[in-house]
Amino acid sequence: EEKRKKLGEERKEAKAKRDAMLAKIADAKAARRAKILADAAIAGKNATRMKFKKPAPNATAACDLAFAAMPSVNSSKVFCNATETSASSQRRRRILNTEYDVTIEVNPEEVNVTAAVTELQSEGITPTTTQVDPLVALASVDGVDSGDLTALETEVTGAAEVQAEVATIEDEVDSTESEVSDIESEAKDAEAEADELEAE
């Protein structure tokens, strides 16, 4: 219980560092990406990145269409970026829709990645999915102060260490409970055998 309390305190400190970092990011899109990545780091998870191609009238529409293909996903929990493919850039004057390279990043603590991928596939989209170290990715976000990132990383590392201690304790408790259960089962078997002997 004490370790769990400490974990909560560590994560609270990490969120405070995250908020201080986000407050300095002027661009709303960059701030959204930074928050998703920071939250994944605080939760001790890698972020998930999905990439695929999508034809659309413009970059904003490409992301909107991607969100529409994933109805189970709250778009406010997702970072999306779309850029023209080099081939589409050369052909865009001749066609109504341009093909975009769409990149989506999510915190798997908040988004069911398996469901999102299944929904995309049902719409004929086959995404390439990779795991991303959120702290490394944060370093590439415009507006993220390196000092703030270092402070966040320190808190995240501390929380991860406490989380590992909590997991170890839980494993030990589970093992002890299993041993106690085995002993109780053996005791019942022995009592049953004793009862049978008495009956004879």
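# Questions about a sheet, its helix and a disulfide

Biologist: Let's start in the sheet: which residue of E3 stands opposite Pro55?
Modeller: First, the ground rules: this is a predicted model, in which local features need pLDDT of at least 70, side-chain atom pairs count only at pLDDT 80 or more, and totals for chains, interfaces and linings use all residues. Residues are numbered from 1 along each chain as its sequence is written, and side-chain values use heavy atoms, with hydrogens and water left out. Strands E1 and E3 run antiparallel and are joined by nine bridges. The residue of E3 opposite Pro55 is Glu99.

Biologist: Good to know! How many helices and strands does the protein chain have?
Modeller: Helices (H or I, at least four residues) and strands (E, at least two) are DSSP runs, numbered from the N terminus. Read from that end, the elements run α-α-β-α-β-α-β-α-β-α-α. The count for the protein chain is seven helices and four strands.

Biologist: In what order do the strands sit in the open sheet?
Modeller: Two strands pair if DSSP finds at least two bridges between them. E2 and E3 run antiparallel with seven bridges, while E1 and E4 pair in the antiparallel sense over five. The open sheet of four strands, with antiparallel pairing, therefore has the order E2-E3-E1-E4.

Biologist: And which are the edge strands?
Modeller: An edge strand here pairs on one side only. The twist from one strand to the next averages 25°, with axes being lines fitted to C-alpha atoms (for helices over the stretch in contact) and angles running from 0 to 180 degrees between N-to-C directions. The edge strands are E2 (78–84) and E4.

Biologist: If I look along E4, what is the bridge partner of Arg49 there?
Modeller: E4 covers residues 128–132, and E1 is its antiparallel partner. The residue of E4 that bridges to Arg49 is Thr130.

Biologist: How many residues of E3 are buried?
Modeller: Buried means under 20% relative accessible area, exposed over 50%, and partly exposed in between (1.4 Å probe, protein chains only). Of the 200 residues of the protein chain, 35% count as buried. E3 is mostly covered, and its buried residues number seven of nine.

Biologist: Now helix H5 (113–122): how wide an arc do its buried residues cover?
Modeller: The buried residues are Val113, Ala116, Val117, Glu119 and Leu120. They fall on the same side of H5 because they cover a limited arc, taken from the directions from the helix axis to the C-beta atoms. That arc is only 160°.

Biologist: Which exposed residues are carried by the face of H5 turned away from its buried side?
Modeller: The buried side is covered by elements including E1 (47–56), H3 (59–68), E3 (98–106) and E4. H5 itself lies across E1, E3 and E4, running at about 15° to E1. On the face turned away from the buried side, the exposed residues are Thr114 and Ser122.

Biologist: At the start of H5, which residue's backbone nitrogen does a side-chain oxygen of Asn112 reach?
Modeller: The side-chain oxygen of Asn112 comes to within 3.2 Å of that nitrogen. At the other end, just after H5, Gly124 takes a positive phi of about 85°. The nitrogen at the start of H5 belongs to Thr114.

Biologist: Now the disulfide: which two residues form it?
Modeller: A disulfide is a pair of cysteine sulfur atoms within 2.5 Å, and a search of the whole structure finds one. Its sulfur atoms are 2.1 Å apart. One partner lies in helix H3 and the other in strand E2, so the pair ties together parts that are 17 residues apart in sequence. The two residues are Cys63 and Cys80.

Biologist: Is that disulfide left-handed or right-handed?
Modeller: Both partners are buried, Cys63 with a relative accessible area of 8% and Cys80 with 7%. The torsion about the S-S bond is about -90°, so the disulfide is left-handed.

Biologist: One last stop: Glu10 in helix H1 (residues 2–22). Is Glu10 buried or exposed?
Modeller: Contact means heavy atoms within 4.5 Å. Leaving aside neighbours within four places in sequence, Glu10 is in contact with Glu155, Gly158, Ala159 and Val162. Of these, Val162 lies in helix H7 (residues 146–199) and is buried at 3% relative accessible area. With a relative accessibility of 19%, Glu10 counts as buried.

Conventions: A polar contact is a pair of N or O atoms within 3.5 Å; within protein, one must be able to donate a hydrogen and the other to accept it, and residues adjacent in sequence count only if both atoms are side-chain atoms.
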